Amino acid sequence: MAMKIVCIGGGPSGLYFAILMKKANPAHDITVIERNRPYDTFGWGVVFSDETLRNLANGDDVSQGRIIDSFAHWDDIDVHFKGRVIRSTGHGFCGIHRKKLLNILQERAEELGVTLEFERNVEDIGEFPDADLIVASDGLNSRIRTQYADHFQPDIDQRKCRFIWLGTKKLFEAFTFIFEETEWGWFQAHAYRFNDEMSTFIVETHEDTWRKAGIDRMEKEEGIAFCESLFSKYLDGHHLESNAAHLRGSAAWINFPRITNKTWIKDNVVLMGDAAHSAHFSIGSGTKLALEDAIGLAQKLKNPVTDLATALREYEDERRVEVLKLQSAARNSTEWFENVRRYTGLEAEQFAYSLLTRSQRVSHENLRLRDRDYLEGMETWFAERATGHPVQQPIPPMFTPYRLRSMDLANRVVMSPMAMYSAKDGTPNDFHLVHFGSRALGGAGLIYTEMTCVSPDARITPGCCGLWTDEHTAQYKRIVDFVHANGEARVCLQLGHAGPKGSTKLGWEGMDEPLDDGNWPLISASAVAWQPGNQVPTPCTRADMDRVIADFEAATRRAIEAGFDMLELHCAHGYLLSAFITPVTNKREDEYGGALHNRLRFPLQVFDAVRAIWPEERPMSVRISATDWHDGGITLEEAVAIAKAFRDHGVDIVDVSAGQTTPEAKPVYGRMFQTPYADMIRNEVGVATIAVGNISDSDQINSILAAGRADLVALARPHLSDPFFTLHAAAKLGYEQQPWPAPYLTGRAQYTRNLQREMESASSV
């Protein structure tokens, strides 16, 4: 059935949707309305990936062919940093002048019979009472979205950097990132050729730096001259040009708006492209999303039995998933550029790697596929820094050694502390021997105990391990001795006190639920129950604090006797010390509440007491929750300050977790979702960190380590499902230097052969 369709906005999404719909049914009456003049546009080149180009094959092959004929294609990325140039290849980008792209789409639309109206501002969709479908493809500043903001409920997040979109006749043959330090801060340029005559040259800097440099007070031409001077050695005498004549003064410098909407649909009106969502230019996906929106909606409307409302709903449901993936990657990329200063202490090799993997869409093994020589050069560089001497062959970062004080780790893989709820009266048993021993035999460099409690009333559950009797010490010594006698793994004892989260059922009987009987009294920073139904703890008195410190000191002496290599103080996840640190549960009005330095007072007293007893040559770590994921909770600035405080008190490495401090938290889950906090603390505080949180494979581990986002990587569930995770990872990566227990060597040979067969079978399909 023929439809009357109006596309408000003549950008790529509106034009391409009109083309696809007209091609599908020439009887459709389609009009595209654009507020600018015919064949007029602003901006310079836009970027496609090879993948985006392939997606156009699902649309209109005529316009696809014309676009391909107009592309500038390149594979290389050059990173200019501190006088060095790091190049990697195999990235597969295409550039095209935005004006040329629109010209192609406009010409194709006219060929198919689409009506194009220019220089017309649409103020109200009421101008089209007889339209069957109205597509609001009117860009970042969509008037239609604004008119019906109460319905669409847009969320517009203005980002922290300013950028200006310029062009130059200097032809950059690679996608080029340039970083220049000034007296005001760092500036970066994103430059790439998009035809035989011009390159895009985007200059970006943090808002604070932009203002310190006085650009906010400059006329547009002065700002461009400033950029020309700053990047003159890369321009070879060429000028920078603007084609945004409508923007005056500092308005030419834009804060990128990250746009989301609660819904994209209102009756017969649907948002498309930047009106519905935006993705930062640093991942080059704005045009990709716009064109794929058009393809997605057109495909839904081709089904003759699908009514309009159903088609629009299915379009939004499907596209939201893809948009969310790209917006997540774009957020990672955006935040990397907003925090460039954080990474400028890295050497050029690691800085460039961090840049290349910033979005998490490009991983370690993905770089190997793109450019093996580059990746193996990076692995060699990393290994030489880790070992302190030349290496004969590349080593995956996860298999490089690491030293904390006198403790040497054979590799960077850590088994996270995980509550097993299998102790009796706090005593570790044969289960724990097998549990820890098998993971140690499985190749992990560092094995963590579960949170081990310093007194009976410090336990989370009746099944938690403790360290307050001679029997506890003897059983833990048995475990540590086994690990030391049968491989290279080291063992870290995590000490903690449950505080307000204590006296609960075993995890599989009812997580965080109070015991049916036999509950013991709880203490905390304040009288704040973990959740309704849990008992209200008693606020700690000074006498309570002194008793807790004495319990930690006694447990530390037992840990020395048991032979542990490292000790971690648990100050995260809402347990006692965490309950003091976070304002969500610390409501005190004395010297232990209020400002952060007061909230840290007692946890630091515990740390100092333990550090004074723990042998000087053995390292200590602290586990923190870097955010509460809760309004009024710990801020990122406070997370940095917390890490600095423990660093200044002598911590060797910070185990950076997040959340679990309140059941009202609203975490943002995803791959490696807590790694950015480890990254922030490592590179802003200058202290070693352990990354945790939904890290599941060797590719992610190597990416985190090589980028300098953490020094060690801890995995929990992967070690539960595969005690030999590390040995298996070595085999899959072809790394033969990872030692296996001698009795298991024949198993390694068979495992390797089976992997080879699987690879050969997959390649033959």
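Thr-168 has Leu-240 of strand E14 as its bridge partner. That strand covers residues 240-241, and E10 pairs with E14 in the antiparallel sense over 2 bridges. A word on terms: strands (E, at least two residues) and helices (H or I, at least four) are DSSP runs numbered from the N terminus, and two strands pair if DSSP finds at least two bridges between them.

What you're looking at is a predicted model, in which local features need pLDDT of at least 70, side-chain atom pairs count only at pLDDT 80 or more, and totals for chains, interfaces and linings use all residues. Residues are numbered from 1 along each chain as its sequence is written, and side-chain values use heavy atoms, with hydrogens and water left out.

Back to Thr-168, which also stands opposite Ser-199 in E13. E13 takes in residues 199-206 and pairs with E10 in the antiparallel sense over 8 bridges. E10 itself runs over residues 154-168, and 7 bridges join it to strand E15 (residues 254-261), again antiparallel. In that pairing, Ile-156 has Ile-259 of E15 as its bridge partner.

Now for strand E23. It spans residues 490-496, and 6 of its 7 residues are buried, so the rest of the structure largely encloses it. Buried here means under 20% relative accessible area, with exposed being over 50% and partly exposed in between (1.4 Å probe, protein chains only). Here are the strands that pair with E23:

| Partner of E23 | Bridges | Sense |
|---|---|---|
| E21 (residues 446-448) | 3 bridges | parallel |
| E22 (residues 452-453) | 2 bridges | parallel |
| E26 (residues 566-571) | 4 bridges | parallel |

You can pick out single residue pairs in these too. Ile-447 has Val-491 in E23 as its bridge partner, while Thr-452 is matched with Leu-495 in E23. On the E26 side, Cys-492 stands opposite Met-566.

There's also an open sheet of 6 strands, in the order E8-E2-E1-E9-E17-E16, with mixed pairing. Its edge strands are E8 (115-117) and E16 (265-266), each pairing on one side only. Inside that order, E1 (residues 4-8) and E2 (residues 29-33) pair in the parallel sense over 5 bridges. Look for Val-6 there: its bridge partner in E2 is Thr-31.

Zooming out, the chain holds 28 helices and 30 strands. Its C-alpha trace spans about 85 × 60 × 55 Å along the principal axes. With 765 residues, a compact globule would have a radius of gyration near 27 Å, and the chain's 29 Å agrees with that. The radius is taken over C-alpha atoms, and the globule rule is 2.2 Å times the number of residues to the power 0.38.

How much of the chain is buried? Buried residues make up 60% of the 765 residues. As for contacts (heavy atoms within 4.5 Å), residues 24 or more positions apart account for 71% of those with a separation of 6 or more. The chain exposes about 30,600 Å², and carbon and sulfur atoms supply 49% of it; accessible areas come from the Shrake-Rupley method with a 1.4 Å probe, and for residues only the protein chains shown count as cover.

Last, the charges. The chain has 81 positive and 105 negative charges, and their mean positions are 1 Å apart. Lys and Arg count as positive and Asp and Glu as negative, with His and the chain ends not counted; each charge is placed at NZ of Lys, CZ of Arg, CG of Asp or CD of Glu.
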